[in-house]
Amino acid sequence: LGAGFLALLAVRTPVVLLPCFAGGFVFLWAQLEDQRNRRSNRYHHALAGAIDIIINSWQIHPSLDGALQAVAAYGAGAGDGPEGGPLPDSVAADFAEVRAVWRSGSPLREALQRVADRRASPLFDNLAIALLVAHEQGASASEILRQQAVIARRQVNLFNTALNRQRTKRQELRDASVFPWLIVIGVGLLSRMAAAETVDTQTFFTTPLGAAVAFLAALIT
């Protein structure tokens with residue numbers, strides 16, 4: 001609606017409201033996607049930190065239960081939730097859930113799969129596979145976990161770079177989409193201030209041809 005009224009102010013023909021209103025949902029979708037990506041990015045950063053905690057715990061005592069407990073106790077979101085527990089939807093909460101499900105008698109693969117399905121994160125999937133292998137190999141799995149830590153950090157950096165490029169390109173598109181309408185508004189204001197009838201953009205856009213041009217411009221925008 002905001003974009004529609006901006007376009008209406010520029011060309012004074014109501015036909016621009018419809019494409020602008022429809023386009024607003026595309027804009028909203030892009031905004032929500034950006035929010036989702038930022039949340040995913042924060043989670044991946046926290047997950048990379050969790051791998052370091054797992055490695056440190058494994059070096060002290062090669063036990064998967066101890067490693068899961070360490071992330072639940074010291075990972076991102078630990079102690080920030082209700083009654084001093086992990087913050088919901090955090091890395092610490094995920095590993096606390098994995099540990100609880102596993103200790104209840106479910107297979108480790110099933111416990112990890114529950115979180116993997118919810119997160120849909122390739123980073124978590126790779127870590128889950130590394131944890132399964134580490135659990136099978138015991139003390140000799142330190143190198144596997146260290147390799148996974150290196151891979152995770154590289155993936156996080158690549159994801160950061162991709163998101164930054166995407167945000168920059170989208171912002172450039174938004175600016176380029178709005179700027180022509182601001183020019184039309186500016187020309188109209190200058191025309192009225194100078195009382196120059198020869199540059200009356202408002203009169204043109206009230207004609208059938210002008211309305212069609214305005215509608216097409218709004219649709220392209």
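This section describes the nonpolar cores, the aromatic pairs and selected residue positions of the structure. The model is a predicted one.

The largest nonpolar core comprises 35 residues. Within this core, the residues with the most contacts are F95, F124 and L131. Two or more residues are contributed by each of helix 2 (17–60), helix 3 (64–74), helix 4 (91–103), helix 5 (108–119), helix 6 (122–137) and helix 7. Of these elements, helix 2 gives the most, supplying nine residues. The surroundings of L131 were examined with neighbours within four places in sequence set aside; on that basis, L131 is in contact with I54, L64, L68, F95, L108, L112 and L145. The contacts of L131 thus include F95, another of the residues with the most contacts inside the core. Apart from this assembly, there is a second, separate core of 10 residues, among them A7, C20, I185 and A214.

Aromatic pairing was considered next. Three aromatic pairs are found in a search of the whole structure. One of them joins F95 and F124 in an edge-to-face arrangement, with 6.2 Å from centre to centre and 65 degrees between the planes. This pair links distant parts of the chain, as F95 belongs to helix 4 and F124 to helix 6, the two residues being 29 residues apart. F95 and F124 are both buried.

An edge-to-face pair is also formed by F204 and F205, for which the centres are 5.2 Å apart and the angle between the planes is 65 degrees. The partners in this pair fall into separate accessibility classes. F204 counts as partly exposed because its relative accessibility is 35%, a value between the limits of 20% and 50%. F205 has a relative accessible area of 11% and is therefore buried, the cut-off for that class being under 20%.

A further arrangement involving an aromatic ring concerns R119 and Y43. R119 lies over the face of Y43, at 3.8 Å from the ring centre.

Finally, A194 was considered with respect to exposure and position. A194 is found in helix 7, which spans residues 142–194. The relative accessibility of A194 is 55%, so this residue counts as exposed, given that the class requires a value over 50%. A194 is separated from W58 by 136 residues in sequence, and the C-alpha to C-alpha distance between A194 and W58 is 77 Å. Helix 7, in which A194 is found, is also among the elements giving two or more residues to the largest nonpolar core.

Key:
Residues numbered from 1 in each chain as written. Predicted model: local features only at pLDDT ≥ 70, side-chain atom pairs only at ≥ 80, totals over all residues. Heavy atoms only, no water. Helix = DSSP H or I, 4+ residues; strand = E, 2+ residues; numbered from the N terminus. Buried < 20%, exposed > 50% of the residue type's maximum accessible area, 1.4 Å probe, protein only. Core = buried A, V, L, I, M, F, W, Y, C linked by side-chain atoms within 4.5 Å. Contact = heavy atoms within 4.5 Å. Phe/Tyr/Trp six-rings, centres within 6.5 Å; stacked < 30°, edge-to-face > 60°. Lys NZ or Arg CZ within 6 Å of the ring centre and 35° of its normal.
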